[in-house]
Amino acid sequence: MKLQIALDLLSTRDALLLLGKVAPYVDIIEIGTPLVKAEGLAVLRAIKTAYPEKELFADYKTMDAGELEATMAFEAGADSVGVLALANDATIAGAVKAGHTYQKRVVADLIGVPPQNRLSRISELKDLGVSHVELHAGLDEQSLSGYSIVDLLKTISGSVLPFAVAGGINASTIVTVRDAGAEVAIVGGGIYGAEDPQDAARRLRNAIK
């Protein structure tokens with residue numbers, strides 16, 4: 001299983017400072033949606049230049065103009081781009097078309113898709129050419145009483161596409177995510193919000209070895 005860091009920060013400078021500490025322990029660098037909105041395409045270029053050996057994921061959460069937004073991300077250095085699974089099929093197909101053009105990947109984020117609809121939507125996404133899906137409990141969902149990553153994982157059992165998981169993962173839960181069959185574990189605040197981000201990233205890496 002790969003470890004992905006979600007850079008939900010607000011400046012390229014802060015992102016690069018953090019990566020200077022944790023990059024050796026992560027496989028995929030995610031330019032989080034807040035960072036994309038704050039810094040635009042320049043942050044993709046800066047981080048890909050600094051870490052060309054790392055896979056770069058642009059968390060665009062695209063809902064419209066799929067081909068255009070994916071093309072912009074790929075030309076700026078992204079290796080994969082995120083679209084919302086709730087988007088119209090034409091939007092997702094457009095992003096996939098751009099992915100074929102640039103030989104890059106499109107990831108569908110399941111945030112907002114009702115649990116009972118996830119498996120059927122994943123089947124449709126496979127037909128549209130999406131490479132994998134992201135099972136994503138956002139910050140607002142995680143703050144709700146009774147949230148459990150174990151319950152979240154149950155809704156993806158039987159997926160016909162490889163999947164990544166994001167939703168409050170830490171060193172004590174990442175093995176559960178791995179054992180559920182996830183291809184990627186995505187950690188944001190569990191690294192950048194830690195007192196010692198480098199140690200947090202190291203512990204996560206060691207936990208999944």
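**Helix crossings, nonpolar cores and Lys2**

Author: Helices α4 and α5 cross in a right-handed sense. The model is a predicted one.

Reader: What makes this crossing of α4 and α5 right-handed?

Author: A crossing counts as right-handed if the near helix is turned clockwise from the far one by less than a right angle. Helix α4 (residues 66–75) and helix α5 (residues 89–102) pack at an angle of about 35 degrees, and their axes are 7 Å apart.

Reader: Which residues of α4 and α5 make the contact?

Author: From α4 come Gly66, Glu67, Ala70, Thr71, Phe74 and Glu75. From α5 come Thr91, Gly94, Ala95, Lys97, Ala98, Gly99 and Tyr102. Sorted by class, the contact of α4 with α5 has five nonpolar, five polar and three charged residues.

Author: A second pair of helices may be set beside this one. Helix α1 (residues 12–22) packs with helix α11 (residues 197–207) at an angle of about 50 degrees, with their axes 8 Å apart.

Reader: Why is α1 called oblique to α11?

Author: Angles under 35 degrees count as roughly parallel, and those of 65 to 115 as roughly perpendicular. The angle of about 50 degrees belongs to neither class, and α1 is therefore oblique to α11. The crossing of α1 and α11 is right-handed.

Reader: Which residues of α1 and α11 meet, and of what classes are they?

Author: Leu18, Lys21 and Val22 in α1 meet Pro197, Gln198 and Ala201 in α11. The contact of α1 with α11 has four nonpolar, one polar and one charged residues.

Reader: Which residues touch the most other members of the largest nonpolar core?

Author: They are Leu7, Ile29, Ile31, Ile47 and Val165, in a core of 62 residues. Leaving aside neighbours within four places in sequence, Ile31 is in contact with Leu7, Val36, Val43, Leu44, Ile47, Leu56, Phe57, Ala58 and Asp59. There is also a second, separate core of eight residues, including Ile28, Ala164, Val184 and Ile186.

Reader: Is Lys2 buried, exposed or partly exposed, and how is that known?

Author: Buried means under 20% relative accessible area, and exposed means over 50%. Lys2 has a relative accessible area of 39%, so the residue is partly exposed.

Reader: Where does Lys2 lie, and with which residues is Lys2 in contact?

Author: Lys2 is found in strand β1 (residues 2–7). Apart from neighbours within four places in sequence, Lys2 is in contact with Asp27, Ile28, Glu55, Glu183, Val184 and Ala185. Lys2 and Ala15 are 13 residues apart in sequence, and their C-alpha atoms are 20 Å apart in space.

Note on methods
Residues numbered from 1 in each chain as written. Predicted model: local features only at pLDDT ≥ 70, side-chain atom pairs only at ≥ 80, totals over all residues. Heavy atoms only, no water. Axes fitted to C-alpha atoms, helices over the stretch in contact; angles between N-to-C directions. Helix = DSSP H or I, 4+ residues; strand = E, 2+ residues; numbered from the N terminus. Parallel < 35°, antiparallel > 145°, perpendicular 65-115°, else oblique. Contact = heavy atoms within 4.5 Å. Nonpolar A, V, L, I, M, F, W, Y, C, P; charged D, E, K, R; others polar. Core = buried A, V, L, I, M, F, W, Y, C linked by side-chain atoms within 4.5 Å. Buried < 20%, exposed > 50% of the residue type's maximum accessible area, 1.4 Å probe, protein only.
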